[in-house]
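This report describes a protein and an RNA strand as they appear in a single model. The exposure of selected residues is taken up at the outset, followed by the RNA surface and the salt bridges.

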Amino acid sequence: MHDIRLIRESPERFKKGLERRGIEYDINRLLELDEERRKLIQEVQELKEKRNRLSKEVAELKRKGENATQIIEEVRGIGDRIPELETKTDEIERKLYEELISLPNIPHESVPDGKDENDNVTVITWGETRKFNFEPLPHWELGERLGLFDPRRASKLAKSRFVMTYGSMAQLERALVNFMIDIHVKKNGYREVLPPFLVNEDSMFGTGQLPKFKDELFWVERDNLYLIPTAEVPVTNIHRDEILAADELPLKYVSYTPCFRREAGSYGKDTKGLIRVHQFNKVELVKFSLPETSYEELESLVKDAASILEALELPYRVVLLCTGDLGFSSAKTYDLEVWLSSYNNFKEVSSCSNFEDFQARRANIKFKRDKKSKPEFVHTLNGSGLAIGRTVAAILENYQTKNGEVEIPEALRPYMDGLKKITAQV
RNA sequence: GGAGGGAUGGCCGAGUGGACGAAGGCGACGGUCUUGAAAACCGUAGCGGUGAAAGCCGCCGGGGGUUCAAAUCCCUCUCCCUCCGCCA
């Protein structure tokens, strides 16, 4: 959400920011509403001031036992006008608010201009993509042939786009969760948190999923709760409506949760395997930062996420999203993409973003530089560290052997009871 | 699901429609004292809006109402707690 005062101060900057996202927006509408709102507020304030003053006189007279009917009559007239003006003010404020919450964040200056994902910029490529001396299988075929991947029965249990794994493939998933959390806690200095998987409307609003992206969410109507689409939602909202101390920043959390996404409008895309499903596991990194260091924090967030891929020796690249591909709440985003032979391409396993104060303003998360100073909004950041299902897919495809088995990356073996290879029905 | 009880500042906790942004305590911060610390004593402190500023306005869970005037009265919603039932 945007700050109307900043827009008022530098409307051109704001307008250009939206234009970079390809949004033509009539900014004057905002400025007019703002103007009108402030005029009304001042008028109401003056009336209230008068009413308060006269009411005090009434109290004074009554205490002395004197007659106050004359003043009471006078104040009554003022009192009648106030609700009228307040209704008008509320109406305008509502309109202004609706506008402000519906506009996406402004891209950071370092974000390249572009129309869509084709204009994204690759900034790092790491590792060699594997050359196979046999025809490699996609991960879903590997999994099914091994008898460890069962999307058909998962559809029977729930619906299509749900998946199920058995045995060492299920264990691999669980191992990856522990492996990733351990690294982020022990090496990267994050604090582990296990949050609720269902959250209320306020939380969904705070991180920007509501009201715009309701169709993407699973909703439990009876209790008016939403299944989280990412741990970003509960974890960022941990500090909703709080004022933090500057010396406790940055706050760094790591969180494992399942994620639930309706994937509305993605019919026919990535229909096979673990790439696009309604429920998947993810380890998420969330930071609360000082405004002046948030872009350094973004860089280290990317490194933290990438350290997992390096530990697993999976080839990846880091892509800087262009203005046209940037998410609604983000000011700057790097995607980490892992090599998948089935796609003959890199596929996103992590998305690391700096939201600046966009979410903090929605969720009302502030900090104070010291006791006396005025509260300011923090900057929030998050990134997957990593998406588990897609990492499983990447391990299967990158570590497959000629006979359709899968080697387990060295670093992961301690988490797999020392198992070196996934074989049929294990 | 049934019955009852609550929601006041960072925390605890008073509050008779008018002197209440709100007693008192704890905690916090600054100072005095001290070699240092503790104790004691003195002092300072909420959030938002509006305004160039002084100031003004609003905020006692949310929303609405009564009144010249609401933390206080009325309506409504939400959340929390206790007991019973169910349950990993």
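Is Val123 buried, partly exposed or exposed, and why? The model is a predicted one, and in it Val123 has a relative accessible area of 43%. Because buried means under 20% and exposed over 50%, Val123 counts as partly exposed at that value. Val123 belongs to strand E1, which covers residues 121-126. Together with Val121 and Ile124, Val123 makes a nonpolar surface patch of about 220 Å².

**The surface near RNA strand B**

There are 24 residues around RNA strand B, and those that come nearest are Gln45, Arg63, Val75, Arg76 and Lys366. By class, the residues of this surface divide into 14 charged, six nonpolar and four polar. On the RNA side, sugar or phosphate accounts for 66% of the strand B atoms within 4 Å of the protein, and bases account for the rest.

Three side chains illustrate the polar contacts with the strand. The side chain of Gln45 places an N or O atom 2.6 Å from a base nitrogen of RNA strand B. Phosphate oxygens are approached by Arg5, with an N or O atom of its side chain at 2.8 Å, and by Lys366, with a polar side-chain atom at 2.6 Å. Two or more residues of the surface near RNA strand B come from each of helix H1 (4-9), helix H3 (27-64), helix H4 (69-102) and strand E12 (365-368). Helix H3 gives the most, with 13 residues.

**Salt bridges**

The structure holds 30 salt bridges. Three of them are listed below with the distance between N and O atoms.

| Basic residue | Acidic residue | N to O distance |
|---|---|---|
| Arg37 | Asp34 | 3.0 Å |
| Arg76 | Glu73 | 2.6 Å |
| Arg413 | Glu410 | 3.7 Å |

What separates Arg37 and Asp34 along helix H3? The two residues are three places apart in that helix, which means that about one helical turn lies between them. In general, an α-helix has 3.6 residues a turn, so residues three or four places apart point the same way. Both Arg37 and Asp34 are buried. These two residues also take part in a network of salt bridges that links them with Arg8, Glu35, Arg38 and Glu93.

The pair formed by Arg76 and Glu73 lies in helix H4, where the two residues are likewise three apart, about one turn of the helix. Arg76 counts as partly exposed because its relative accessibility is 48%, and Glu73 is also partly exposed, at 48%. Arg76 is, in addition, one of the residues that come nearest to RNA strand B.

In the third pair of the table, Arg413 and Glu410 fall into separate exposure classes. With a relative accessible area of 15%, Arg413 is buried, whereas Glu410, at 55%, is exposed.

**A covered helix**

How many of the residues of helix H12 are buried? Helix H12 spans residues 388-398, and 11 of its 11 residues are buried. The buried residues of H12 include the charged side chains Arg390 and Glu397, along with Ile388, Val392, Ile395 and Leu396. Also buried in H12 are Gly389, Thr391, Ala393, Ala394 and Asn398.

Key. Residues are numbered from 1 along each chain as its sequence is written. Chains are lettered from A and ligands numbered from 1 in the order in which they are written. This is a predicted model: local features need pLDDT of at least 70, side-chain atom pairs count only at pLDDT 80 or more; totals for chains, interfaces and linings use all residues. Side-chain values use heavy atoms; hydrogens and water are left out. A residue is near a molecule or strand if one of its heavy atoms lies within 4 Å of it. A polar contact is a pair of N or O atoms within 3.5 Å; within protein, one must be able to donate a hydrogen and the other to accept it, and residues adjacent in sequence count only if both atoms are side-chain atoms. Helices (H or I, at least four residues) and strands (E, at least two) are DSSP runs, numbered from the N terminus. Ala, Val, Leu, Ile, Met, Phe, Trp, Tyr, Cys and Pro count as nonpolar, Asp, Glu, Lys and Arg as charged, and the others, Gly among them, as polar. Patches are made of residues with over 30% relative accessible area and no salt bridge: like charges are joined within 9 Å, nonpolar side chains (Val, Leu, Ile, Met, Phe, Trp, Tyr) within 5 Å. Accessible areas come from the Shrake-Rupley method with a 1.4 Å probe; for residues, only the protein chains shown count as cover. A salt bridge is a side-chain nitrogen of Lys or Arg within 4 Å of a carboxyl oxygen of Asp or Glu. Buried means under 20% relative accessible area, exposed over 50%, partly exposed in between (1.4 Å probe, protein chains only).
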